Amino acid sequence: MALRWSRVTPQLALAPAVLITVVAFVGSIVWTIVLSFTRSRRLPDYEIDWSNPLRQYIRLFADAGWEISLRNLIVLAIGSALAIVLGFILAAMIERERRGEDVFRTVFLYPLAASLIVTGVAWRWIFNPQLGLENFLHGIGLTGVSFNWLNDGQTAMYAIILASVWQSSGFYMALMLAGLKGINQEIWSAARIDGVSLWRVYLEVIIPMMKFTFLTCAILLSLGVIKAYDIIVAMTNGGPGQSTWLPAYFTIKAMTEKGNLGYASAAASMMLVVTLAIFLPLVALTAWQQHAARKGGHA
């Protein structure tokens, strides 16, 4: 009897968390998808529009703002991938030079302590021509330099990418550093004995061995990019014009300013589709790689 109770106790302890997850997470997803097929405006209308259930989705993909949001999402994803590259470079430098490791690790991780709102406000000041970097450079005589990126629709997304990379590079550095510390030191000794150059060791040995770490970073990066909202509000509030709109910003704007809950729900449902389209292949690839590694280890 005591043995049976010990088996049931963990399930009972987890039951509240599972219930909250089902109701708050899964339930909210289902509720949003249902509303996307209705004519809901400011208040939810649970009667599905059977005459044209895809009405909201048709409107969504005909909206130029949504097209801009998707295009900016791709630009942000590609640009933010630099955070993983920079994180690996920083981790490799710290791993090679052990002196002062704790100090450098703290310095590079410090931006992560600031929220994306704080990061966005700080970088908005940096790009402010009257207060920031441009004003400083003009003050020392470099009057031909311009950093007024946030007021130009062609460069505003690049400013947001720069701020995002600055804020997140330390996080990916910590993950990469953990992966580097898990590599057997005998590999470095064998490489030195064989006279293999350092960059070849990293490209041909270390990086392939850290594929799970890179996949984990890619998954976390993709989730952060898709839900990016607060840094947009802090730096540009979507401007100039619609040049820095992203799906999350578009969705919240459709709900708060347009007061169209059904339309916003359609945009949120498409964000879920984009998330699954990116997230599931990465998870499947990670699981396949782990299965292949276990199978090779048993062999």
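**Exercise 1. The loop after α12**

Task: Work out where asparagine 237 sits in this predicted model, and which sign its phi takes.

Solution. Start with the location: asparagine 237 belongs to the loop that joins α12 and α13. Next, check the backbone. Its phi comes out near 55°, so the sign is positive, and the residue isn't a glycine. Why flag that? Because most residues other than glycine have a negative phi.

Task: Now find the peptide bond into proline 240 and say whether it is cis or trans.

Solution. Proline 240 is in the loop between α12 and α13 (247–256). The bond runs from glycine 239 to proline 240, and omega is near -5°. That's cis. As a reminder, most peptide bonds are trans.

**Exercise 2. Two helix pairs**

Task: Take α4 and α10 and describe how they pack: what angle, and how far apart are the axes?

Solution. First pin down the helices: α4 covers residues 82–96 and α10 covers residues 198–209. Their axes are 13 Å apart and the packing angle is about 115°. Since 65 to 115 degrees counts as roughly perpendicular, α4 is therefore roughly perpendicular to α10. For handedness, the crossing of α4 and α10 is right-handed. Then list who touches whom: α4 brings Phe88, Ala92 and Arg96, while α10 answers with Leu198, Tyr202 and Ile207. Sorted by class, that contact has five nonpolar residues, one charged and no polar.

Task: Do the same for α3 and α4: at what angle do the axes cross, and within what distance do they come?

Solution. The crossing angle is roughly 5°, and the axes come within 5 Å. Angles under 35 degrees count as roughly parallel, so α3 is roughly parallel to α4. On the α3 side the contact uses Ile78, Gly79 and Ser80; on the α4 side, Leu82, Ala83 and Ile84. The class tally for α3 with α4 is four nonpolar, two polar and no charged residues.

**Exercise 3. Empty space**

Task: Characterise the largest pocket: how much space lies in it, and which residues are closest to its centre?

Solution. Volume first: about 400 Å³. The lining has 19 residues, and those closest to the centre are Leu116, Gln167, Ser168, Gly224 and Val225. To see which elements supply two or more lining residues, look at α3 (64–80), α8 (156–181), α11 (211–226) and α12 (230–235). By class, the pocket lining breaks down into 12 nonpolar, five polar and two charged residues.

Task: How many cavities of 30 Å³ or more does the whole structure hold, and which residues line the largest cavity?

Solution. The search turns up one cavity of that volume. The largest cavity has a volume of about 30 Å³. Its walls are Trp245, Phe250, Lys253, Ala254 and Lys258. Sort these and you get three nonpolar and two charged residues, with no polar ones. The two lysines, Lys253 and Lys258, are the charged pair, because Lys counts as charged.

Technical notes
Residues numbered from 1 in each chain as written. Predicted model: local features only at pLDDT ≥ 70, side-chain atom pairs only at ≥ 80, totals over all residues. Heavy atoms only, no water. 1 Å grid on protein atoms, 1.4 Å probe; cavity = no way out; pocket = protein on both sides within 12 Å on 5 of 7 lines; lining within 4 Å. Points joined across faces, edges and corners; volume = space filled by probe spheres on them. Axes fitted to C-alpha atoms, helices over the stretch in contact; angles between N-to-C directions. Helix = DSSP H or I, 4+ residues; strand = E, 2+ residues; numbered from the N terminus. Parallel < 35°, antiparallel > 145°, perpendicular 65-115°, else oblique. Left-handed = near helix turned anticlockwise from the far one by under 90°. Contact = heavy atoms within 4.5 Å.
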